[in-house]
Amino acid sequence: MTIEPAETRTASVLRSTNPRTGELVGECADMTADEVESVIAEARRAAGGWAQRPVRDRARHLRAIRREWIRRAPELARLDAAETGKSLIDAAYEVLAVSINLDWCSWNARRGLRTRRAATFPTVLKRARIEYDPYGVIGVIAPWNYPAGIPMQVIPWALAAGNTVVLKPSELSPLTGILLADIINGAGADVIHVATGGATAGGALASSGGIDKIEFTGSGPTAKHVLRGAAENITPVVMELGGKDALIVTDGADIDAAARTAVGAAFFNAGQTCMATERVIATPGVHDELVAAIRAETAKVVVGPEPSSHVGPLTMPGSLDRVIARIDDAVADGATIVAGGTRRTAGYGQYLEPTVLIDVPAHAEVLTEENFAPVMCIQRARDVDHAVELSNRVDLGLSGSVFAANRDEARSIARRLDTGGVVVGDAMVGAGLAGVAFGGVKRSGYGRLQGFDGFREFSRSRAVIEPRINVSLMATLAGPRPDPGRILAIARALRGGGGLRTRLQALRGGG
Ligand code: NAD
């Protein structure tokens with residue numbers, strides 16, 4: 001939901017409503033820009049002490065946070081489910097899965113953040129090392145679809161690297177953000193502060209001079225506002241944006257496994273996942289059988305308000321009308337609905353029957369734009385090259401998925417996909433693997449979360465260059481210009497001949 005930032009706002013209340021029932025979940029402050037600045041100031045006050053703690057100490061503290069996280073996981077999962085409308089089991093899975101991130105960071109922070117030796121050339125003159133320092137205060141602007149999971153793709157890494165965090169949760173799930181911070185700070189250090197609100201609060205965070213780096217996860221249109229705000233202070237930004245992930249299935253692949261994976265990854269969390277399988281691309285030998293298998297699997301998916309249903313309500317007001325209009329447009333242009341396509345009225349929530357389309361025209365928005373709803377388009381490719389071309393045709397590139405006849409073919413396809421990651425024989429799992437870098441290309445964003453890249457993303461690297469021998473290269477530029485013969489002698493000395501000692505002597509003596 002992109003909202004234009006308002007110039008000024010008076011302090012007001014933000015109400016969080018359950019999309020399944022329409023009931024009020026709770027209230028919190030809809031912060032003004034000044035209030036956000038006060039939160040940032042608190043985070044800055046806490047930053048110095050946290051940064052000075054050795055990495056080993058911070059890593060140990062992450063284990064304390066993890067214990068607190070697991071202890072309060074049921075409370076957090078209940079709130080997450082209430083604010084997003086997802087089922088309790090999906091929320092519990094989300095909350096518990098990210099405890100692994102805390103674990104991974106705590107055991108790998110020292111390795112990821114230790115000072116590295118860097119190669120210098122010419123090595124005979126200088127030695128260098130790269131040190132990793134915290135930025136200071138990281139601003140995290142988060143979406144609502146995984147209000148615990150998404151911030152926790154950032155916070156453990158940012159904390160391990162020695163930063164404190166200001167979290168701006170979505171206005172649709174602010175209370176989960178507040179509880180998440182309470183759990184983290186409950187482990188004994190005030191390292192995370194929360195600024196609640198919508199576009200005004202997010203805009204204030206993005207343009208604040210008190211924030212040293214921004215991590216934004218959300219939609220492309222909002223990303224542009226964030227970038228404009230960040231430009232005020234040239235604040236660096238990591239962008240984790242939308243996707244339009246394709247699952248490619250080629251002749252000879254395991255059709256049953258591909259169909260079940262596609263259905264699982266397309267409809268989990270009602271399709272409201274950045275890495276949801278929104279497209280399936282099949283070569284001619286498997287296309288018809290795959291469509292039949294996907295149709296059969298989709299028929300088993302339960303949609304509705306029952307706690308045991310696979311597909312709950314769409315969280316954002318207005319989503320259902322927007323996506324049904326896209327489906328209708330595609331059908332008017334020749335697409336065929338194989339499953340779903342209609343809304344299901346069940347009490348308060350807005351539900352879409354899990355929808356599968358084939359023969360979708362290339363220009364249809366349902367095929368080219370992120371739907372963020374339980375909708376899958378199946379495309380027929382002429383051959384493997386055409387499948388890769390179709391996959392790369394959209395200008396979003398978060399992740400890709402491949403089911404091929406054998407490993408060599410899968411690898412060859414994976415190499416050609418224009419995406420930030422590729423999963424073979426599965427889908428969507430990249431965001432759950434703490435040790436693996438995660439992020440997109442093209443309009444899906446830039447920068448990397450998770451893995452060792454995640455530590456570096458939230459650290460400033462500093463090169464420290466020291467002399468090996470007492471020669472200042474710049475000093476040679478001072479005073480009278482050096483004799484060209486001396487330059488040639490240095491070049492000869494560096495080129496080699498003899499061991500290090502000979503070369504040093506040559507340098508000192510000028511040849
Ligand atoms: P959104 O862009 O509407 O909102 C994201 C955040 O930005 C919210 O906290 C919102 O309050 C804030 N915001 C709104 N206007 C702002 C402004 N003018 N300045 C600063 N901040 C502002 O996105 P959403 O609807 O919450 O989330 C859905 C989108 O997020 C989808 O496009 C989805 O693909 C994407 N997403 C991406 C990833 C990923 O890892 N790549 C993960 C989850 C979601």
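This report describes strand β8 with its neighbours, and then a nonpolar surface patch, in a predicted model.

## Strand β8 and its side chains

Strand β8 spans residues 213–217 and is mostly covered, with 5 of its 5 residues counted as buried. Lys213, Glu215 and Thr217 point one way from the strand, whereas Ile214 and Phe216 point the other way, and burial holds for all of these residues. In a regular strand, side chains alternate between the two faces of the sheet.

## Pairing with β5 and β9

Strand β5, which covers residues 137–141, runs parallel to β8 and is joined to it by 4 bridges; within this pairing, Val140 stands opposite Glu215 of β8. Strand β9, made up of residues 237–240, is likewise parallel to β8 and connected to it through 4 bridges, and here Phe216 stands opposite Met239 of β9.

The connection between β8 and β9 involves helix α9 (residues 220–231), and the two strands together with this helix make a right-handed β-α-β unit.

## A nonpolar patch on the surface

Elsewhere in the model, Val429, Leu433 and Val436 form a nonpolar patch on the surface, and their accessible area together comes to about 210 Å². One of these residues, Val436, lies in the loop between β19 (421–424) and β20 (441–442). Because the relative accessibility of Val436 is 40%, this residue counts as partly exposed, a class that lies between the cut-offs of under 20% for buried and over 50% for exposed.

How values were computed: Residues numbered from 1 in each chain as written. Predicted model: local features only at pLDDT ≥ 70, side-chain atom pairs only at ≥ 80, totals over all residues. Heavy atoms only, no water. Buried < 20%, exposed > 50% of the residue type's maximum accessible area, 1.4 Å probe, protein only. Pairing = 2+ DSSP bridges. Right-handed = clockwise from strand over helix to strand, strands pointing away. Patch = residues over 30% accessible without salt bridge, like charges linked within 9 Å, V, L, I, M, F, W, Y side chains within 5 Å. Areas by Shrake-Rupley, 256 points an atom, 1.4 Å probe, with all protein chains shown as cover. Salt bridge = Lys/Arg side-chain N within 4 Å of Asp/Glu carboxyl O.
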